[in-house]
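Dear colleague,

I am handing over the structure below, and after it I set out what was found there. Please read the notes with the coordinates open beside you.

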Amino acid sequence: MNPSSPLDEPAIARLVDRFYEKVRHDAQIGPIFNAAVHDWDEHKLLLTSFWASVALRAGSYRGNPMGAHRPHPIRAEHFDRWLALWRETTAEELDEASAALMLGYAERIGHSLKLGLGLHPQAQPFGVPIVGIRR
């Protein structure tokens with residue numbers, strides 16, 4: 001934990017860098033990320049922009065997280081592992097209040113992505129029946 005570091009863009013950049021180094025080497029989610037990310041430096045810059053926009057209201061992120069995740073073979077347990085690594089890294093890199101804030105954002109975002117990708121256990125298909133016409 002770094003108790004003297006404020007939650008600012010440099011702190012978020014350090015968090016993102018450390019976190020994605022763990023992700024890259026993780027046995028469960030590393031293969032998915034490594035297959036999808038072709039330029040890790042660029043990806044970390046994009047995700048720093050994303051998290052700065054979320055936590056600091058920086059407004060610097062332009063993208064579509066749902067669209068970015070949709071084409072990949074992601075399962076619900078991958079989100080759980082991602083969140084466990086995020087929890088671990090925020091605790092190591094941020095003061096307690098900032099770590100709790102960033103974890104709360106990640107939990108809500110992960111929940112929304114799981115729902116949007118149809119991976120949440122309570123997610124239900126739309127269930128629109130196909131009605132035939134008899135003549």
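Helix H2 (30-36), H3, helix H4 (65-69), H5 and helix H6 (96-116) each contribute at least two residues to the lining of the largest pocket, and H3 gives the largest share of that lining, with six residues. Please keep in mind throughout that this is a predicted model. The space in the largest pocket comes to about 660 Å³; 26 residues line this pocket, and those closest to its centre are Phe-33, His-43, Leu-47, Ala-68 and His-69. In terms of chemical character, the lining consists of 18 nonpolar residues, six polar ones and two charged ones.

One of the helices that supply the lining, H6, can also be described by its own geometry and packing. At 1.5 Å a residue, its 21 residues should span 30 Å, and because the C-alpha atoms at its ends are 30 Å apart, the expected span and the model agree. The buried residues of H6 are Ser-98, Ala-99, Met-102, Leu-103, Gly-104, Tyr-105, Ala-106, Gly-110, Leu-113 and Lys-114, and the buried residues of this helix pack against H1, H3, H4 and H5.

Turning to the aromatic side chains, the structure holds ten aromatic pairs. In one of them, Phe-19 and Trp-86 meet edge-to-face, with 5.0 Å from centre to centre and 85° between the planes. Phe-19 belongs to helix H1 (residues 9-25) whereas Trp-86 belongs to helix H5 (residues 76-93), so this pair ties together parts that are 67 residues apart in sequence. Both Phe-19 and Trp-86 are buried.

A second pair to look at is that of Tyr-20 and Trp-40, whose ring centres are 6.0 Å apart and whose planes stand at 45°, so that the pair counts as tilted. Since Tyr-20 lies in helix H1 and Trp-40 in helix H3 (residues 40-56), the pair ties together parts that are 20 residues apart in sequence. Tyr-20 and Trp-40 are likewise both buried.

The four residues of these two pairs also appear in one aromatic cluster, which is formed by Phe-19, Tyr-20, Phe-33, Trp-40, Phe-50, Trp-51, Tyr-61, Trp-82 and Trp-86. Phe-33, a member of that cluster, is also among the residues closest to the centre of the largest pocket.

With best regards

Definitions and conventions:
Residues are numbered from 1 along each chain as its sequence is written. This is a predicted model: local features need pLDDT of at least 70, side-chain atom pairs count only at pLDDT 80 or more; totals for chains, interfaces and linings use all residues. Side-chain values use heavy atoms; hydrogens and water are left out. Rings of Phe, Tyr and Trp (its six-membered ring) pair if their centres lie within 6.5 Å; planes under 30 degrees apart count as stacked, over 60 as edge-to-face and the rest as tilted. Helices (H or I, at least four residues) and strands (E, at least two) are DSSP runs, numbered from the N terminus. Buried means under 20% relative accessible area, exposed over 50%, partly exposed in between (1.4 Å probe, protein chains only). On a 1 Å grid over the protein atoms alone, a cavity is a set of points where a 1.4 Å probe fits but cannot get out, and a pocket is an open set with protein on both sides within 12 Å along at least five of seven lines; lining residues have an atom within 4 Å of a point. Grid points are joined across faces, edges and corners, and a volume is the space filled by probe spheres set on the points. Ala, Val, Leu, Ile, Met, Phe, Trp, Tyr, Cys and Pro count as nonpolar, Asp, Glu, Lys and Arg as charged, and the others, Gly among them, as polar. The expected span of a helix is 1.5 Å times one less than its number of residues. Contact means heavy atoms within 4.5 Å.
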